[in-house]
Amino acid sequence: MLSAYSTRSVRGRGAARMAVATFVSGLLAAGVAMVGAGTAAADDTAPDRGGATATIGDLKTYGDAVIHDTDGDLRVPAGLFEMSVEGGGTLQTYCVDLYNPTQKGAKYHETDWSGTALGANKGAGKIRWILQNSYPQVNDLAALAAAAGTGAGLTEQDAAAGTQVAIWRYSDDVDVDAVDPQAEKLADYLERSARAAAEPEASLTVDPPAVSGRPGERIGPVTVHTNAAGATVIPPADAAASGVRIVDADGKEVTSAVDGSRIWFDVPEDAAAGSVELTVQASTTVPVGRAFASESRSQTLILAGSSESTVSATADATWAERGAIPALSAERNCSAGGLDVTVANEGDQDFTFDLLGTEYSVAATESRTVTVPLQEDQAYDFTIKGPDGLEKRFNGVLDCRTRSSETGTQAQTYSDPSPATVVTPETDVNLAETGGSAVTPLIAGTAIGLVLIGGAALVLVRKKETSAQD
């Protein structure tokens with residue numbers, strides 16, 4: 001795909017700022033990490049529901065493209081990146097976020113389109129069609145050349161470059177051409193022929209990712225959704241000590257699951273207030289068209305090809321004899337420009353919590369979703385505290401827009417067709433001023449609180465909790 005490039009604000013097909021463009025392939029296994037009640041520590045929690053987790057590698061198969069703007073033309077590599085899946089497997093991805101940098105070594109998570117700029121992009125379905133009908137899904141280059149009318153001699157490099165160029169035209173609304181004539185003919189054919197295709201389902205998720213209840217009862221259910229033939233259910237690490245069992249609707253212990261399986265946490269009646277986490281893991285190919293978002297400020301990718309890969313998801317359960325019993329989870333909401341933090345309270349008392357300087361309360365047996373508005377490209381890092389020492393930390397970066405509508409900034413340009421190296425700064429960096437360089441800002445909860453404080457700034461959606469029972 002691309003290496004890192006940028007230039008000043010331009011107007012091609014639409015207003016477009018040329019920041020950094022790089023390709024990376026990857027998917028992510030994400031889930032919600034839970035900290036046991038009675039402990040003060042909190043794990044980092046990326047707000048992704050599960051799937052593949054991968055690390056970006058090198059640009060493997062690429063050609064050249066030229067991006068046209070009012071200040072002149074910019075020549076960039078365009079093609080496929082390769083990613084290494086955590087637990088085993090390899091992914092190939094194209095870029096759908098041209099004006100942002102790609103950071104070498106960045107970790108990515110598989111995610112829904114709604115957690116990226118694709119959620120609001122009317123051309124997202126056509127991008128998936130392109131992926132399904134071009135390289136590497138169509139690896140018969142002669143057949144692809146015949147369909148596109150490119151003539152003989154279409155190479156893998158031409159095919160990758162032409163496919164990336166066609167994708168950019170839909171993902172970033174940019175005026176871009178492939179340098180090689182055959183690659184350009186392929187790009188034109190793909191752009192002209194594309195039809196809307198549905199968003200693919202996740203490779204593996206659990207729903208909901210957090211549940212709560214009282215000891216002496218089965219807490220759940222948690223439903224498994226996967227395209228794998230089967231999955232392994234890994235019980236909590238301290239299951240033996242706590243006495244918690246993972247069971248099905250009949251109370252039988254569960255060690256495996258399939259798509260649609262429902263599982264419960266069976267908590268002993270004499271268990272002290274606490275919490276545990278289970279993991280569901282499978283080996284499968286990740287569906288073409290799944291989006292991949294980075295934990296840091298690295299451009300969004302879309303899956304073009306997958307080997308058999310490890311995917312996973314986690315679910316946690318919290319319990320107490322009395323009082324508030326919260327289940328905490330979060331999910332990116334790009335349509336609202338923020339992070340949806342959901343709190344479900346299965347207790348017999350209200351759960352009151354502080355979120356970035358504002359206090360909220362969730363009544364017993366109800367749930368509430370608080371949409372935390374976030375600035376584009378900024379990191380967030382905050383913790384919600386519950387009873388019995390429970391703490392849940394949420395951190396990451398909100399990346400909901402491409403740069404095609406932004407103007408007036410510049411970013412660093414790289415000439416080597418490989419991702420820029422990840423850099424962790426010692427101080428906060430304002431990406432709106434730097435143009436989105438390879439630097440990843442880490443924003444403390446106090447700092448982000450200055451942006452988010454104020455009850456009026458938070459959108460609250462209350463819904464009556466419905467509990468599934470055996």
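The salt bridges of this predicted model are described below, with attention to the elements that they connect.

Across the whole structure, a search identifies 15 salt bridges. One of these joins the side chains of D64 and R75, with a nitrogen-to-oxygen distance of 3.0 Å. The two partners, although 11 residues apart, belong to separate strands, D64 being placed in strand β3 (residues 53-69) and R75 in strand β4 (residues 72-85), and the pair thereby links distant parts of the chain. D64 is partly exposed, its relative accessible area being 29%.

A salt bridge between helices is formed by R169 and E191, whose closest N and O atoms lie 2.9 Å apart. Because R169 is located in helix α3 (residues 156-171) whereas E191 is located in helix α4 (residues 181-193), this pair ties together parts that are separated by 22 residues in sequence. Both R169 and E191 are buried, each thus having a relative accessible area under 20%. The two residues also take part in a network of salt bridges, in which R169, D177, E184, D188 and E191 are linked.

A further salt bridge is found between R245 and D266, for which the closest N and O atoms are 2.7 Å apart. Here the connection again runs between distant parts of the chain, from R245 in strand β13 (residues 245-247) to D266 in strand β15 (residues 262-266), the two residues being 21 residues apart. R245 is partly exposed, with a relative accessible area of 28%.

Terms used. Residues are numbered from 1 along each chain as its sequence is written. This is a predicted model: local features need pLDDT of at least 70, side-chain atom pairs count only at pLDDT 80 or more; totals for chains, interfaces and linings use all residues. Side-chain values use heavy atoms; hydrogens and water are left out. A salt bridge is a side-chain nitrogen of Lys or Arg within 4 Å of a carboxyl oxygen of Asp or Glu. Helices (H or I, at least four residues) and strands (E, at least two) are DSSP runs, numbered from the N terminus. Buried means under 20% relative accessible area, exposed over 50%, partly exposed in between (1.4 Å probe, protein chains only).
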